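User: I am new to this structure and would like to learn how to read its features one at a time. Could you guide me through them?

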Amino acid sequence: MKNLKKQFNKWMNTEMQKIKGDAIAYCVLIYEEADDESEDKYSVDLVAFDEYDEYDCDWACGDGIYASHCDDTLMYFDMQGGWEVCLEEVKNLIDSYIEEGKYANVLKNAEAVGYGFADGDIEIAYSK
């Protein structure tokens, strides 16, 4: 998983540099990229928002003010063990980045940082 952490941190650094404007919330959305050969392929999309409502479960819907998928810069990876393992690993990657990533201070100044599958519930990794 060390290579995945390195890949994630590099990707986050690149994506965070691209965000222009006043983002107040961020979400890492996960997509299943299963094909005929493997069901263990995933991608993640960083989306930045200029609005956040902790009482609205759909706060992370829409493109926000920035989305990696708009630049075609999703991060792709393989993860054995199914979607539950993937979700937990993405949580660990985000937690680690919030603690020691290049743009950790930006994320810590946000109202919220979420993660989850694009078609599912969004969990909060960090909030003020």
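Analyst: Let us begin with a single contact, bearing in mind that this is a predicted model. The side chains of glutamate 15 and threonine 73 are joined by a polar contact of 3.1 Å. Glutamate 15 belongs to helix 1 (residues 2-18).

User: Is glutamate 15 buried or exposed, and why?

Analyst: A residue is called buried when its relative accessible area is under 20%. Glutamate 15 has 1% relative accessibility, so it counts as buried.

User: Which residues surround glutamate 15, leaving aside its neighbours within four places in sequence?

Analyst: With those neighbours left aside, glutamate 15 is in contact with Leu46, Tyr66, Ser68 and Thr73. Thr73 is also the partner in the polar contact described above.

User: How should I read the pairing of strands? Which strands pair with strand 2, and in what sense?

Analyst: Pairing is read from the bridges between two strands, of which at least two are needed. Strand 2 (residues 41-49) pairs with strand 1 (residues 25-32) in the antiparallel sense, over eight bridges. Strand 4 (residues 75-78) is also an antiparallel partner of strand 2, with four bridges. Strand 3 (residues 66-67) pairs with strand 2 over two bridges, again antiparallel.

User: Which residues stand opposite one another in these pairings?

Analyst: Between strands 1 and 2, cysteine 27 is opposite valine 47, and glutamate 32 has tyrosine 42 as its bridge partner. Tyrosine 42 also stands opposite phenylalanine 77 of strand 4. On the pairing with strand 3, alanine 48 is opposite tyrosine 66.

User: Why is strand 2 described as largely enclosed?

Analyst: The burial of individual residues can be tallied along a strand. Eight of the nine residues in strand 2 are buried, so the strand is largely enclosed by the rest of the structure. Strand 1 is mostly covered, with six of its eight residues buried.

User: With which strand does strand 1 pair in the parallel sense?

Analyst: That partner is strand 5 (residues 112-117), and the pairing extends over six bridges. Here cysteine 27 has glycine 114 as its bridge partner. Cysteine 27 therefore has a partner in strand 5 as well as valine 47 opposite in strand 2, given that pairing is read from bridges.

User: How can the length of a helix be checked, and what does helix 2 show?

Analyst: One compares the expected span, at 1.5 Å a residue, with the distance between the end C-alpha atoms. For the 18 residues of helix 2 (residues 83-100), the expected span is 26 Å, and the end C-alpha atoms are 26 Å apart, which agrees. The buried residues of this helix are Cys86, Glu89, Val90, Leu93, Ile94, Ser96, Tyr97 and Ile98.

User: How many cavities of 30 Å³ or more are found, and which residues line the largest cavity?

Analyst: The search of the whole structure finds one. The largest cavity holds about 30 Å³ of space, and its lining consists of Met12, Tyr26, Val28, Leu46, Ile94, Tyr97, Ile98, Leu107 and Val113. Strand 1 and helix 2 are the elements that each give two or more residues to this lining. Helix 2 gives the most, with three residues.

User: Finally, how is valine 106 placed?

Analyst: Valine 106 is in helix 3 (residues 104-108). Its relative accessibility is 31%, so it counts as partly exposed. Apart from neighbours within four places in sequence, valine 106 is in contact with Met16 and Tyr26. Valine 106 and leucine 4 are 102 residues apart in sequence, and their C-alpha atoms are 22 Å apart in space.

How values were computed
Residues numbered from 1 in each chain as written. Predicted model: local features only at pLDDT ≥ 70, side-chain atom pairs only at ≥ 80, totals over all residues. Heavy atoms only, no water. Buried < 20%, exposed > 50% of the residue type's maximum accessible area, 1.4 Å probe, protein only. Expected span 1.5 Å × (residues − 1). Polar contact = N/O pair within 3.5 Å; in protein donor to acceptor, adjacent residues only side chain to side chain. Contact = heavy atoms within 4.5 Å. 1 Å grid on protein atoms, 1.4 Å probe; cavity = no way out; pocket = protein on both sides within 12 Å on 5 of 7 lines; lining within 4 Å. Points joined across faces, edges and corners; volume = space filled by probe spheres on them.
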